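Could you walk me through this structure while I have it open in my viewer? I would like to know what to select next and what I will find there.

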Amino acid sequence: MQRVNRSSRQLPLFPAAIERSFELLPSLGEQGDIRYFATRARSVMNAPEATGMNFWSINPYVGCAFGCTYCYARYAHRYVMERAADRDRLDDGLAAEFETMEPWLAFERRIFVKRDAPEILARALRTGGERYLGLIHGDTILIGSATDPYQPAERRFRVTRGILEVLAEHPGLKIVIITKSPLITRDVDLLGRIARHSDLRVQISLITVDRELARRVEPRSPTPHARLVALARLRDAGIETGVNCMPILPGITDEPAALDELVRQVSAAGATRIGACALRLDRSARLRYLPFIEQEFPELASRYKASYSHGRNVGEKYREGLTQRFNALRAKYGIGDGDRA
Ligand code: SF4
């Protein structure tokens with residue numbers, strides 16, 4: 001395995017929010033080729049002013065075993081690893097991996113679990129005072145902005161469920177959960193309880209209904225069919241559920257007939273909204289995604305290099321075309337616009 005140059009560290013996007021979150025990394029065990037480590041969270045909800053986003057965010061885990069090739073969240077994991085290494089908080093095995101394992105792979109195989117997050121959140125909401133006033137004035141809490149809250153770790157550690165149990169005690173909140181996992185249906189009772197007195201929405205991430213294509217670009221994620229079944233089940237339970245068709249991968253998932261079929265199927269499954277946007281390539285995503293394109297879709301390599309040569313966004317004309325296409329598909333299948341958080 002290639003040796004990683006630690007001097008080429010990237011600047012973290014949310015340094016303050018992440019820095020506060022960790023003290024120790026005791027091992028919690030293994031599951032196949034994935035290893036879990038506990039973190040001690042001091043703060044669970046990242047405020048809008050800390051992240052520069054217009055919502056509060058909660059991420060029960062750092063890292064994500066679903067391993068989507070385009071994932072933009074890898075920066076956070078690398079930052080946690082670097083800080084832990086600097087403070088000698090990695091065990092010998094993990095310290096060796098920090099030196100040798102590619103950061104994009106560590107993101108998928110070394111997962112940090114915020115086990116005490118529910119307790120910290122309960123305390124914050126009970127005693128937080130003015131800091132959290134925005135939450136009763138309509139600020140959104142987004143669960144899963146930089147990890148999947150229902151990845152395989154959740155089956156074992158139940159951190160997301162613990163967080164939802166805390167939020168269920170506080171009426172009048174606005175909560176959005178983003179996931180690719182049918183495991184969310186395990187919590188349908190709790191989601192129903194929250195939805196009775198808060199504004200709750202689940203967003204299922206789905207960029208293609210082609211099982212084989214999904215396996216190539218999201219190698220460890222649940223199948224599209226499993227996600228559609230979960231979507232229908234949530235809707236049957238009365239949970240408002242939409243779809244994030246994000247990111248659309250140029251030349252791979254943007255074929256008009258394929259997008260039409262995707263919107264048709266999510267509409268048939270009961271989705272109330274669908275949001276879409278084209279792939280953005282920040283540095284950490286670029287380091288994983290562009291080599292993947294070279295290997296799996298070599299015919300697209302030069303197109304990607306040209307399209308993303310000037311920054312993280314594909315050209316405005318392409319994005320405008322997508323907007324028009326999705327507006328037409330929403331009208332055709334009677335489904336709303338998904339952008340809210
Ligand atoms: S499910 Fe989301 S957080 Fe997890 S790897 Fe895929 S894009 Fe990243």
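Here is a tour in short stops, made on a predicted model.

**Stop 1: the sheet**

Begin by colouring the strands. Look for an open sheet of 4 strands, which runs in the order S1-S2-S6-S5 and has mixed pairing. Now select S1 (27–31) and S5 (61–62): these two strands stand at the edges, and each has a single partner strand, so one side of each is left without a neighbour in the sheet. As background, strands of a sheet pair through backbone hydrogen bonds, either parallel or antiparallel. You can find both senses here, as the next selections show.

**Stop 2: the hairpin of S1 and S2**

Select S1 and S2 together. They pair in the antiparallel sense, over 4 bridges. To see one pair of partners, click on Gly-29, whose bridge partner in S2 is Tyr-36. Then move to the turn of the hairpin, where 2 residues sit between the strands. Gly-32 in this hairpin takes a positive phi near 65 degrees.

**Stop 3: strand S2 and its two faces**

Keep S2 and add S6. Strand S2 (residues 34–38) pairs with strand S6 (residues 110–113) in the parallel sense, again over 4 bridges. Ala-38 has Val-113 of S6 as its bridge partner, and Phe-37 stands opposite Phe-112 in S6.

Show the side chains of S2 next. In a regular strand the side chains alternate between the two faces of the sheet. Which residues of S2 are on one side, and which on the other? Ile-34, Tyr-36 and Ala-38 are on one side, with Arg-35 and Phe-37 on the other, and all of these are buried, so both faces of the strand are covered. Put as a count, 5 of the 5 residues of S2 are buried.

**Stop 4: a buried lysine**

Go on to the end of S6 and select Lys-114. Lys-114 is found in the loop between S6 and helix H6 (117–127). This lysine is buried, yet it has no salt bridge. How far away is the nearest side chain of opposite charge? That side chain belongs to Asp-116, and it is 8.8 Å away. Now add Asn-59 to your selection: its backbone oxygen lies 2.8 Å from a polar atom of the Lys-114 side chain.

**Stop 5: salt bridges**

Time to look at charged pairs. The structure holds 22 salt bridges, and here are a few to click on.

- Select Arg-303 and Asp-254, whose side chains meet in a salt bridge at 4.0 Å, N to O. Arg-303 lies in helix H15 (residues 301–307) and Asp-254 in the loop between strand S10 (241–248) and helix H13 (256–268), so this pair ties together parts that are 49 residues apart in sequence. Arg-303 is partly exposed, with a relative accessible area of 35%, while Asp-254 counts as buried at 17%.
- Select Asp-260 and Lys-332, which form a salt bridge at 2.7 Å, N to O. Asp-260 lies in helix H13 and Lys-332 in helix H16 (residues 316–333), so the parts tied together are 72 residues apart in sequence. At 52% relative accessibility, Lys-332 counts as exposed.
- Select Arg-264 and Glu-261, a salt bridge of 2.8 Å, N to O. These two are 3 residues apart in helix H13, which means that about one helical turn separates them. Arg-264 is partly exposed at 36%, and Glu-261 also counts as partly exposed, at 28%.

For a linked group, select Glu-154, Arg-161, Glu-165, Arg-186, Asp-187 and Asp-189, which are joined in a network of salt bridges.

**Stop 6: a leucine in H16**

Finish by selecting Leu-322, which is in helix H16. Is Leu-322 buried or exposed? Leu-322 counts as buried, at 9% relative accessibility. Which residues does Leu-322 touch, not counting residues up to four places away in sequence? The residues touched are Ile-248, Leu-259, Cys-277 and Ala-278. Last of all, use your distance tool on the C-alpha atoms of Leu-322 and Pro-182: they are 140 residues apart along the chain and are separated by 28 Å.

Methods:
Residues numbered from 1 in each chain as written. Predicted model: local features only at pLDDT ≥ 70, side-chain atom pairs only at ≥ 80, totals over all residues. Heavy atoms only, no water. Pairing = 2+ DSSP bridges. Buried < 20%, exposed > 50% of the residue type's maximum accessible area, 1.4 Å probe, protein only. Lys, Arg positive; Asp, Glu negative; His and termini not counted. Polar contact = N/O pair within 3.5 Å; in protein donor to acceptor, adjacent residues only side chain to side chain. Contact = heavy atoms within 4.5 Å.
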